[in-house]
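Good morning, colleagues. Please have the sequence and the model open as I speak; I shall go through selected side-chain contacts, a sheet and an annotated span.

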Amino acid sequence: HLILLFSLFLAPVFADKESQKTNQSFSSNNASHKRLKRDWIWNQMHIKEEIDTPLPHHVGKITSSVRNSNAKYIIEGEYANTIFKVEETSGDVYAFERLDREKKAEYELTALIIDRRNNQSLERPSKFIIKVYDINDNVPVFVQKVFNGSVPEMSPVGTSVTKVTAVDADDPTVTGHATVTYQVIKGDEYFTVDDSGVISTARADLDRENQSTYEIIVKAKDAPGSSGDSSTATVIITLTDINDNFPVFKHPSFHFKVPENISVGGEVGRVKVEDVDEPQHRNTKYSFVRGDYRDTFEIVANPFTNEGIIKPKKPLDFEKVAEYRFDIEATDPTVDLRYFKSGGSRSISTVTIEVTDVDEPPVFTKLPYEFKVRENDPEIRTLGSVWAHDPDAAKRKIRFIRRRASPNGDYIRVSDTGIIQLPKPLDREFSSSYNITVAAQEILEDGRLSDRESHAQVHVIVTDENDNAPELVYPEEPRVCENAAPGKVIIRISATDKDEISPRGFFKYSLATEDSNFSLVENHDNTANITVKYGQFNRELAKIHYLPVIISDNGDPELSSTNTLVISVCKCNEKGNFTFCEERAKQVGVSIQALVAIFICIFTIIVIALLILLRKRHKKDLSGLGRNVAEIHEQLVTYDEEGGGEMDTTSYDVSVLNSVRKNGIKPEAVPSPYAQVQKPPGNITSGAGEMEMMIEVKKDEADNDRDLLPYDTLHIYGYEGAESIAESLSSLESGSSDSDIDYDFLNDWGPRFKMLAELYGSEP
């Protein structure tokens, strides 16, 4: 190797010398023709970092083959004339700062040679590099202060846990400067580390239940074989759990008390075990070891608490068994037996369950109860009975009560002693089965009923009797063409029966009379066809035919019914399509409820009409009585019919009134349906003042007349106004009192003034 390096070093030197000889020979021969070539000449430049000698530090020398007394060396670049400077005449380069390779490993500069007189370049610029040599001045540093790792407990020796990493800023190309080695300086009895930083287990008995976390310290250093510089880091290692421990009962025995009426599946108590593994590795299974009651109880493990919950599988009875005792075992079938520890693979504990007595409700001897009865059988009144007893030592008497029934109603009764009775025969067509709920209660010593009761379902099945005849399922308007050929099928008919279908066969169909143009053909599938017998119907004789059909059910006894088919004879075209048929009157059925509602409405209308007539007659009697009483001087009569207003002259002939007021004579030439009257002359003008005066006069008369009845009457009259051609019809405008005017003429004015004539006419 040394010879190879030496040859590589000397090869460029000899090559350079031969080149110089060739150039000198060539230049001597051609000196008169070409100019001499000029080259930069300097040694390779490099400098160590962190030199502790006084500044500046000599780096190297740049030189050129130019021979000129006015030549001047200068350097250019980022760090020229700051960190690095050159001596102008000699070309020596110096560093004026201590260099750090870890900050910058090399510097690139440019060398120039110029004429100091005119600063003209004497040679082309040349770039050169100054390299900084490493001196191994950095300590390996961990990438983080604390590392974390985990490994399953009981892992074999050499199991990888985690990896630590430290870096050295020195030059890795220099042997020993950046090579990092690791060493566990704390916890080396449990873990080791290799040169790549991988931490592994050093023991196979690392038990999480003894110690779950380890904290070790790892040192990193460089320059192997020497002391070197180093740094440290902390590694926290956690042991993960494996299922390597069996559950152990916390107590050698457990004792529970439970009432005898606890429900099946209820909780009797809980047995507790201790499993040092983590919850995800706890899979305790409980089983019975000794005892004859494994068919009475079961033990279910709670997946969250790992407890064993004891539950009864069937009802408990204090009178039969007052105490249960058995042994149970707890184990874990998922434990890894490779890491099994001494101490046994199972744990056994004794369980004692004490049953306490409670007052229980009666117990029925049979559930459920089912009875069968023939429908409509008047002789059957008792179906059977239900029975219950007191399970307690008191053995009280029992009383039975019916609670619920389906269908609802008094169809089935239960006596106090539990006898099932029928108050009336049952109808299968109403309901094929009847269900009731019977409650049993104990009779206490003081005669009261206990508040605790039990229930039994009683199911009564009604067997069918053939008591309903089959009925025709009426089709939609059977029709036949008047020119139908013999054998033409008119319609297919079917029947239904409320009773159960007889197992002996189908319905039988027949015609009540053979004297018709129709025939019946059975299809032997509970249907029959109505066909044309002779053909050629005559619509002139009959457009609708009524065909009676007899249907029997083949039951025991056999029942039959006669049903009428209404067949219309229609006109048809050549293809046999119906073209014209008479509309038949559809039968409209009215329910009893609807008839009752109609009768109630009619009765209500009649009562209201009678009340209105009686009220009118009562009013008429009162009006007649009022006219005969002398103390009542005036009456106010209200008419529902009003006139058309001031400008309406068509409803009444007001000219009669005007002529009477203006002329004071009775016109003879003007025809009128009413008699005319002459109004006494007076002031024809009216106004609010006259009306007010009249009201005051009436008030004074009422106040001063002691013979009047003890009430005041105020009459308000409408004032038509000056624009009305009829003016006012009120008696208040007359200049004289009522006694001065003869109102007999009102009788001649017709029926419209009859009431007015009765009010103002002379009393009989």
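Let me begin with Lys85, whose charged end sits over the ring of Phe96, 4.8 Å from its centre. I should say at once that this is a predicted model. A second contact of this kind involves Arg479: its charged end sits over the ring of Phe578, at 4.5 Å from the ring centre.

I turn now to contacts between rings. The count of aromatic pairs comes to 17. One of them joins Phe297 and Tyr324, with 5.0 Å from centre to centre and 85° between the planes, an edge-to-face arrangement. This pair links distant parts of the chain, since Phe297 belongs to strand β23 (residues 297–301) and Tyr324 to strand β25 (residues 323–331), 27 residues apart. Are these two residues buried or exposed? Phe297 has a relative accessible area of 1% and is buried. Tyr324 also counts as buried, because its relative accessibility of 5% is under the 20% cut-off.

Next come Phe364 and Phe400. Their ring centres are 6.1 Å apart and their planes stand at 50°, so this pair is classed as tilted. Here too distant parts of the chain are linked: Phe364 is in strand β27 (residues 363–364) and Phe400 in strand β31, with the two positions 36 residues apart in numbering. Both Phe364 and Phe400 are buried. Elsewhere, ring pairs connect Phe249, Phe254, Phe256 and Tyr286 into a cluster.

Strand β31, which carries Phe400, brings me to the sheet. Which strands make it up, and in what order? The sheet is open and has 4 strands, in the order β28-β35-β34-β31, with mixed pairing. At its edges are β28 (369–374) and β31 (398–406), each of which pairs on one side only. On average, neighbouring strands are turned by 30° against each other, with direction ignored. As a general reminder, strands of a sheet pair through backbone hydrogen bonds, in either a parallel or an antiparallel manner. In the case of β31 and β34 (residues 433–443), the pairing is antiparallel and extends over 8 bridges. Within these strands, Arg402 stands opposite Val438 of β34.

Finally, I come to an annotation. An unreviewed UniProt entry lists residues 594–614 as "transmembrane region". In the model, this span is 100% helix and 0% strand, and its end C-alpha atoms lie 31 Å apart.

Thank you for your attention.

Conventions: Residues numbered from 1 in each chain as written. Predicted model: local features only at pLDDT ≥ 70, side-chain atom pairs only at ≥ 80, totals over all residues. Heavy atoms only, no water. Pairing = 2+ DSSP bridges. Axes fitted to C-alpha atoms, helices over the stretch in contact; angles between N-to-C directions. UniProt positions renumbered as here; feature names shortened; annotations may be inferred. Phe/Tyr/Trp six-rings, centres within 6.5 Å; stacked < 30°, edge-to-face > 60°. Buried < 20%, exposed > 50% of the residue type's maximum accessible area, 1.4 Å probe, protein only. Lys NZ or Arg CZ within 6 Å of the ring centre and 35° of its normal.
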